Amino acid sequence: MPTAAEVEAGALPVHVGIIMDGNGRWARRRDLPRTQGHLEGLKAAKRVVQAASDLGIKYLTLYTFSTENWKRAAEEVGFIMNLVRKYLFAELDFYRRNRIRIRHAGDLAGLAPEIRREIEKVIAETAAFTGLTLTLALNYGGRDEVVRAIRSLMAGGITPEALTEEAIRGHLDNPDIPDPDLVIRSAGEYRSSNFLLWEAAYAEFYVSDTYWPDWTASDLSAAVQNYRLRERRFGGITE
Ligand code: IPE
Ligand code: IPE
Ligand code: MG
């Protein structure tokens with residue numbers, strides 16, 4: 001029997017989703033405020049986006065703020081929203097250099113108008129880039145996304161017979177982006193926390209104990225290498 005390492009590695013994942021967790025614990029371990037963890041988490045996000053782009057990954061979705069994260073203290077929520085407002089568009093040169101196209105997943109209507117404007121601006125400015133597509137899941141919840149999709153189908157007068165998996169898939173936030181092949185979670189927790197519930201039905205999961213602010217290119221490479229040795233069956237049987 002060949003060892004896992006000797007098995008020929010399979011293809012790169014086309015779409016990688018990351019649940020960026022552990023900012024608060026990273027800060028607490030250093031006796032710093034949780035907000036400092038989010039600031040370091042932002043730097044880690046930029047490192048990992050660069051790494052994904054360098055690896056030739058086509059789609060990366062970063063879970064940045066969930067529909068449940070509004071439960072947190074107003075100060076922490078405000079800090080995270082401010083980071084998005086200050087840095088999302090300001091990194092335009094970085095996106096341009098790397099030909100990164102920005103998208104959004106989640107409920108835009110539930111975001112402050114000035115955040116929405118930043119998101120819409122950066123999506124428009126990067127729309128023609130053909131490198132990595134980076135989707136920011138902000139005010140995102142998997143259940144919320146499915147509810148919004150069904151609402152939009154119903155508003156269009158869909159009949160019960162026409163309500164198929166394809167119809168729902170076509171009304172999710174980014175119907176043109178393929179389902180994630182690999183979902184990564186940092187900071188050691190084994191749960192999806194409402195991330196890409198519909199799309200990740202057959203994603204491979206990878207959990208790393210490393211807190212998100214400590215993530216570097218090599219953590220992403222390790223996750224991708226691990227994925228390449230997996231056998232995906234999609235409910236079928238391997239001959
Ligand atoms: C992830 O880090 C960032 C967000 C959820 C916005 P956390 O803030 O959840 O960090 P922990 O889980 O408390 O360590
Ligand atoms: C998931 O992390 C959401 C994001 C990373 C944006 P949480 O820290 O909110 O998840 P739970 O509360 O531990 O499930
Ligand atoms: Mg957390």
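**Close-up views of two ligand sites and a salt bridge**

**View 1. Polar contacts of ligand 1.** Welcome to the first site, where an oxygen atom of ligand 1 is 2.9 Å from an N or O atom in the side chain of Arg34. This is a predicted model, in which local features need pLDDT of at least 70 and side-chain atom pairs count only at pLDDT 80 or more, while totals for chains, interfaces and linings use all residues. Residues are numbered from 1 along each chain as its sequence is written, chains are lettered from A and ligands numbered from 1 in the order written, and side-chain values use heavy atoms, without hydrogens or water. Look next at Asp21, whose side chain has an N or O atom 2.8 Å from an oxygen atom of ligand 1. The backbone takes part too: a polar backbone atom of Gly22 is 3.4 Å from an oxygen atom of ligand 1. Alone, ligand 1 exposes 370 Å², and the protein buries 86% of that (Shrake-Rupley areas, 1.4 Å probe).

**View 2. The shell around ligand 1.** Here 13 residues surround ligand 1, and the closest are Asp21, Gly24, Arg25, Arg34 and Arg72 (a heavy atom within 4 Å). Three helices, α1 (23-29), α2 (34-55) and α3 (74-87), each supply at least two residues of this shell (helices are DSSP H or I runs of at least four residues, strands E runs of at least two). Helix α1 gives the largest share, three residues. By class, the shell around ligand 1 divides into two nonpolar, six polar and five charged residues.

**View 3. The shell around ligand 2.** Now move to the second ligand, which has Ile19, Met20, Asp21, Tyr63, Thr64, Phe65, Asn69, Arg72, Arg185, Arg191 and Ser193 around it. Strand β2 (residues 59-66) contributes the largest share of this shell, three residues. Sorted by class, the shell around ligand 2 holds four nonpolar, three polar and four charged residues.

**View 4. Polar contacts of ligand 2.** Find the side chain of Asn69, where an N or O atom is 2.9 Å from an oxygen atom of ligand 2. For the side chain of Arg72, the distance from an N or O atom to an oxygen atom of ligand 2 is 3.2 Å. Arg185 joins in with a polar side-chain atom 3.4 Å from an oxygen atom of ligand 2. On its own, ligand 2 has 390 Å² of accessible area, of which the protein covers 78%.

**View 5. A salt bridge in helix α4.** In this last view, the side chains of Arg96 and Asp93 meet in a salt bridge, 3.2 Å from N to O (Lys or Arg side-chain nitrogen within 4 Å of an Asp or Glu carboxyl oxygen). Arg96 and Asp93 are about one helical turn apart because three residues separate their positions in helix α4 (residues 92-98). Across the whole structure, a search finds 19 salt bridges.

Note on methods. Polar contact = N/O pair within 3.5 Å; in protein donor to acceptor, adjacent residues only side chain to side chain. Nonpolar A, V, L, I, M, F, W, Y, C, P; charged D, E, K, R; others polar.
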